[in-house]
Every structure is written in C-alpha cells, then in structure tokens.
Amino acid sequence: MNIFIMGAPGSGKGTFSSRIKEEFDLNHISTGDIFRANIAGGTELGMQAKAYTEKGLLVPDEITNNMVKEYLSQLSDKKNGYLLDGYPRTLDQAKAFEKMTEGTDLMVDEIVVMDVPFDELTRRITGRRSCKHCGEIYNIYSKPPVKEGICDKCGSELSQRKDDNEESLKTRLEEYAKNTEPVIAYYEEKGMVKRIDATAGIEEIWPVLKEALSK
Ligand SMILES: [Zn+2]
C-alpha cells in the first residue's frame with residue numbers, strides 16, 4: 001500500500017503518520033528526509049538541490065520528483081509500501097510522479113486527507129504554548145496550564161513559537177489552498193481520496209482512519 005498523506009498545518013498529519021506507519025508497517029518518509037539524505041550523501045540530485053537552496057531559490061519540481069522516485073526505489077527494505085508526507089506539493093509534481101511511476105510498484109494507491117475546519121486549525125495553532133525547559137506542550141483553548149503562562153510540570157514560563165500567530169498561519173493556509181487543494185481535487189476525480197474528519201481528538205479519529213485504510 002502506497003499512501004500520500006495530506007492536511008493543512010495543525011491537522012495532526014504528523015501524529016497520524018506515525019500511527020499509520022506502525023499499524024501497516026510502512027516506510028514513513030517526508031520530503032524533508034529525502035532532501036537531507038540526498039544532500040548528506042552528496043548525490044548528484046542533492047548537489048543540484050543544494051545549489052538552489054543556497055541561493056534562496058525554490059528547488060525545481062524536476063529535481064524534487066527525481067529525488068523522491070530514486071529514494072523510494074532504492075529503499076533497502078520496501079516493507080508493505082510507503083507513506084509519503086509533504087509530497088506532491090503541486091499539481092505538476094503529482095502529474096510528473098504519476099508518469100514516472102506508472103506500471104511500477106511505486107505507484108500511489110491512496111491519498112489520505114486530514115480535514116479540519118479553519119477555525120479549529122486556528123485554535124490549535126495560535127493557542128499552542130510550550131515550555132522551553134521541559135518540552136511540555138499546552139494549548140490555551142484545549143489544554144491550558146493551571147496558572148496562565150506557567151508550566152504545570154516545572155514552573156517555567158511558557159512561550160509561543162514565532163510563526164504560531166494568526167498572520168503567519170493565514171499565509172500557510174493560503175499556500176495550502178493554492179498548491180495542495182488542486183492536488184487533492186486531481187486525485188479526487190480519480191476516486192483515490194479518503195477524507196478523514198480530523199476535528200475530534202486523536203483517539204476518536206484513529207479507529208475511523210484505520211478502518212478506512214483497511215478496506
Ligand atoms: Zn516545563
């Protein structure tokens with residue numbers, strides 16, 4: 001089973017990815033991992049990508065696509081397939097990947113979309129606070145500390161990540177709407193998308209997601 005997992009920032013994609021990976025014994029890979037592996041390994045594609053990022057430029061789709069395909073085809077333990085996170089980011093990437101993998105065991109089978117309404121994403125992201133001292137994470141709406149701004153566990157001051165504000169979230173969501181939603185629509189037309197309502201808590205969502213992927 002080869003899966004792409006998609007979802008806006010704050011949709012819980014990361015958490016569910018680890019559970020899917022464990023449950024179905026898949027290789028879980030993010031495009032970030034693939035970039036790092038190629039750059040660290042000094043591959044030709046890695047060097048090309050590095051040249052772009054060092055100039056502050058976006059890595060062209062063609063390099064990204066080839067890197068993803070090569071990485072997946074060279075996995076020493078193919079397990080039961082892959083779960084890819086953070087790819088494809090654009091419609092062009094989706095179409096190119098489809099062409100590159102057609103007829104091979106790398107073709108994607110399912111697209112999982114973690115759906116969360118906009119106002120809930122906003123609460124999750126802008127409400128997030130963390131303790132720099134012990135790493136505990138809070139949310140002022142859903143999991144507030146007993147004393148405002150203070151960590152329950154160690155008494156240190158809580159802080160908010162710089163880009164966890166409404167303005168920055170808006171930019172990230174706009175980028176998601178512009179680039180990722182067309183990708184989802186493309187796969188939806190092919191009947192490959194499983195949309196999961198990810199508004200509730202992890203323990204309520206997980207059985208639904210597991211069941212959807214078991215079919
Ligand atoms: Zn703490």
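Two strands count as paired here if DSSP finds at least two bridges between them. With that in hand, let's look at the sheet in this predicted model.

**The sheet**

Five strands make up an open sheet, and reading across it the order is E2-E3-E1-E4-E8, with parallel pairing. At the edges stand E2 (27-30) and E8 (193-197); each has a single partner strand, so one side of each is left without a neighbour in the sheet. From one strand to the next, the twist averages 20°.

Take a look at one of those edges. E2 pairs with E3 (residues 82-85) in the parallel sense, over four bridges. Which residue in E3 stands opposite histidine 28? That would be leucine 83.

**Helices on the sheet**

H1 lies across E1, E2, E3 and E4 (110-115), and its direction runs at about 160° to E1. H2 (residues 31-40) packs on the sheet too, touching E2 and E3, and its direction makes about 80° with that of E2.

**Two pockets**

Now for the empty space. The largest pocket holds about 580 Å³. Of the 24 residues lining this pocket, Gly10, Gly12, Arg124, Arg128 and Asn139 are the closest to its centre. Helix H1 (13-24), helix H6 (118-126), strand E6 (137-139) and helix H8 (202-214) are the elements that each give two or more residues to this lining. Which element supplies the largest share? It's H6, with four residues.

The second largest pocket has about 430 Å³ of space. Its lining has 18 residues, and the closest to the centre are Gly7, Pro9, Lys13, Arg89 and Tyr176. Two or more residues apiece come from strand E1 (3-7), H1 and helix H7 (166-189). H7 gives the most to this lining, with five residues.

Here is how the residues of each lining divide up:

| Pocket | Nonpolar | Polar | Charged |
|---|---|---|---|
| Largest pocket | 10 residues | seven residues | seven residues |
| Second largest pocket | seven residues | six residues | five residues |

**Putting it together**

H1 is a handy place to start when you explore the model. This helix lies across four strands of the sheet, E1, E2, E3 and E4. H1 also gives two or more residues to the lining of the largest pocket, and again two or more to the lining of the second largest pocket. E1 is another element to follow: the strand sits between E3 and E4 in the sheet order, and E1 gives two or more residues to the lining of the second largest pocket.

Terms used
Residues numbered from 1 in each chain as written. Predicted model: local features only at pLDDT ≥ 70, side-chain atom pairs only at ≥ 80, totals over all residues. Heavy atoms only, no water. 1 Å grid on protein atoms, 1.4 Å probe; cavity = no way out; pocket = protein on both sides within 12 Å on 5 of 7 lines; lining within 4 Å. Points joined across faces, edges and corners; volume = space filled by probe spheres on them. Nonpolar A, V, L, I, M, F, W, Y, C, P; charged D, E, K, R; others polar. Axes fitted to C-alpha atoms, helices over the stretch in contact; angles between N-to-C directions. Contact = heavy atoms within 4.5 Å.
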